[in-house]
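Please open the model in your viewer, with the sequence panel beside it, and follow the stops below in order.

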Amino acid sequence: MGLHTLRLATVPLTFTSRLFLKPILPNTLQNLSLFSRHVHPRKPFLVRAFSASAAVQEIPPTDSSAARPQWKAAIDFKWIRDNKEAIEINIKNRNSNADLGAVIELYENMVNLQKEVEGIREERNNVAKKMKGKLEPSERERLVEEGKSLKESLVTLEEDLVKLQDELQQVARSIPNMTHPDVPVGGEDSSAIRKEVGSPREFSFPIKDHLQLGKDLDLIDFDSASEVSGSKFFYLKNEAVLLEMALLNWTLSEVMKKGFTPLTTPEIVRSSIVEKCGFQPRGDNTQVYSIDGTDQCLIGTAEIPVGGIHMDSILLESALPLKYIAFSHCFRTEAGAAGAATKGLYRVHQFSKAEMFVLCRPEDSETFHNELIQIEEDLFTSLGLHFKTLDMATSDLGAPAYRKFDIEAWMPGLGRYGEISSASNCTDYQSRRLGIRYRPSEPLQTGPKKGKASLPATKFVHTLNATACAVPRMMVCLLENYQQEDGSVVIPEPLRPFMGGIEVIKPKLR
């Protein structure tokens, strides 16, 4: 499936809604202008990957048809060349289509061209120095001509160098992050069970899936939403609305106890931010909705706008870690998704989600990865769910993830486990693209000149993200696991204070 686009219609001031997302005629289009302890690993980490000391540079926006990249990642191409064997194995294990050979060839061509450019610049400087002296007219004329020739050559070579650097950037972005040495190698079936909590509930009566429960209890309306918006959209009604609010408010209150700062985020972001976080907004089978005629997209997760908060900034080491819990609506095309395994609320185009996001020092990221998965496990245990935590195999990792833990919960109505959460350590993959660095809290370093001191060099932060609550899938679990023989659904105790005292969702009197 190709690019998914939306067109934004202007809305008369008499409407209460500010924005409608619907197909409209081209002449009504509007262009819109539119956040300490040191861990010693058991095995050596190859996490430096593609970082460099330079910050990510923002390139002014250009015409969308132009080939030049709008931004540059701080990729350490020399490191790539020097570690090509390890990177080759990593690309193969992750089933990536990255072209390492092309990256190395382009890099070496760039290095050679840079040397040629520097050589011509040196020649021009030498000519300029000679011109300052007393010269015969013929000699001066010869040097003038030589200078013109060198200038023309330099202009051509510098243009070639810029094109080569741009091409290198584009090709190198496809190289995935390195992988934690303990990650299982292979496809999804190779993923290892890290932990299992509880056991499937045994029912003494025929059970229903969440679609039937939602219909019988007048909680979910897919039919009307299909007429209004299309397939994979839904209305929540009655107690289901309260249940969504309860899930989100309870989740935020629990996660904030762990030192996380709450956020709400923009839900429309620039395409470049999506790319910098490691997603492909305009590729084949993209999960991202792009807004036609703009450089903007709807977010598929709050990870994207939260990652952008500190873009192109240098943080103080004393400010780390930064821990956020962000609420947002999420929008996904679900390209290629079909079949019974995706029915109902399990896979939809729009949903509410609370997402955890951490920025920390490199030596602390594994500790925070364990903290994030522990928070998730504690939340789902409190709700009485039966689930298992998986250490996802190499080919199931997205490009940014160094390691990823997924949680799959038992959904009795669907008769299978379904993913309800994940937690990823992206090391410095995103921060190198977003330009998020920190300055270590070290004493000023004395330079070669007496009395001169310099600040310690900046380093890239590590970023991590984890789902605290994806509402639709949590509803699947709660409705199906807490259903009763009389057709009612019991509300888990932790959520009751957020449900206005409702303890049971009962069938409506007709």
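Two helix axes count as roughly perpendicular when the angle between them is 65 to 115 degrees. Keep that range in mind for the opening stop, and bear in mind throughout that this is a predicted model.

**Stop 1: α7 and α12**

Select helix α7, residues 239-256, together with α12, residues 471-481. The axes of α7 and α12 come within 10 Å and cross at roughly 110 degrees, and the two helices are therefore roughly perpendicular to each other. The crossing of α7 past α12 is right-handed. If you show side chains, you will find Ala240, Leu243, Glu244, Leu247 and Leu248 of α7 meeting Val471, Met474, Met475 and Leu478 of α12. Sorted by class, this contact of α7 with α12 has eight nonpolar residues, no polar ones and one charged residue.

**Stop 2: α7 and α10**

Keep α7 selected and add helix α10, residues 365-382, whose axis comes within 11 Å of the α7 axis and crosses it at roughly 135 degrees. That angle makes α7 oblique to α10, and the crossing is again of the right-handed kind, as α7 passes α10. Here Trp250, Thr251, Glu254 and Val255 on the α7 side meet Ile375, Leu379 and Ser382 on the α10 side. By class, the contact of α7 with α10 has four nonpolar, two polar and one charged residues.

**Stop 3: the largest nonpolar core**

Which residues of the largest nonpolar core touch the most other members? Among its 55 residues, these are Leu247, Met356, Leu385, Ile420 and Leu495. At least two residues of this core come from each of α7, β15, α10, β17, β18, β23 and α12, and α7 gives the most, with eight residues. Now center on Met356 and, leaving aside neighbours within four places in sequence, look for its contacts, which include Val255, Phe260, Tyr324, Leu372, Ile375 and Leu464. A second, separate core of 30 residues can be highlighted afterwards, and Leu113, Val127, Leu150 and Leu161 are included in that core.

**Stop 4: α3 and α4**

Select helix α3, residues 100-131, and helix α4, residues 137-172, whose axes come within 9 Å and cross at roughly 160 degrees. That makes α3 roughly antiparallel to α4, and α3 passes α4 in a left-handed crossing. The residues of this contact of α3 with α4 divide into 20 nonpolar, five polar and eleven charged.

**Stop 5: Cys360 and the cis bond**

Move to Cys360, which sits in strand β15 and, at 1% relative accessibility, counts as buried. Beyond its neighbours within four places in sequence, Cys360 is in contact with residues including Leu320, Pro321, Phe368 and His462. Draw a C-alpha to C-alpha distance from Cys360 to Tyr438, and it should read 9.1 Å, although the two are 78 residues apart in sequence. Then turn to Leu320 and Pro321, where the joining peptide bond is cis, with omega near 0 degrees; Pro321 lies in the loop between β13 and β14.

**Stop 6: two positive phi angles**

Most residues other than glycine have a negative phi. Asp218, in the loop between α5 and β7, has a positive phi of about 55 degrees although it is not a glycine, and Asp218 is partly exposed, with a relative accessible area of 27%. Lys232, in the loop between α6 and β8, likewise has a positive phi, of about 65 degrees, and Lys232 is partly exposed at 23% relative accessible area.

Notes. Residues are numbered from 1 along each chain as its sequence is written. This is a predicted model: local features need pLDDT of at least 70, side-chain atom pairs count only at pLDDT 80 or more; totals for chains, interfaces and linings use all residues. Side-chain values use heavy atoms; hydrogens and water are left out. Axes are lines fitted to C-alpha atoms, for helices over the stretch in contact, and angles run from 0 to 180 degrees between N-to-C directions. Helices (H or I, at least four residues) and strands (E, at least two) are DSSP runs, numbered from the N terminus. Angles under 35 degrees count as roughly parallel, over 145 as roughly antiparallel, 65 to 115 as roughly perpendicular and the rest as oblique. A crossing is left-handed if the near helix is turned anticlockwise from the far one by less than a right angle, and right-handed if clockwise. Contact means heavy atoms within 4.5 Å. Ala, Val, Leu, Ile, Met, Phe, Trp, Tyr, Cys and Pro count as nonpolar, Asp, Glu, Lys and Arg as charged, and the others, Gly among them, as polar. A nonpolar core is a set of buried Ala, Val, Leu, Ile, Met, Phe, Trp, Tyr and Cys residues joined through side-chain atoms within 4.5 Å. Buried means under 20% relative accessible area, exposed over 50%, partly exposed in between (1.4 Å probe, protein chains only).
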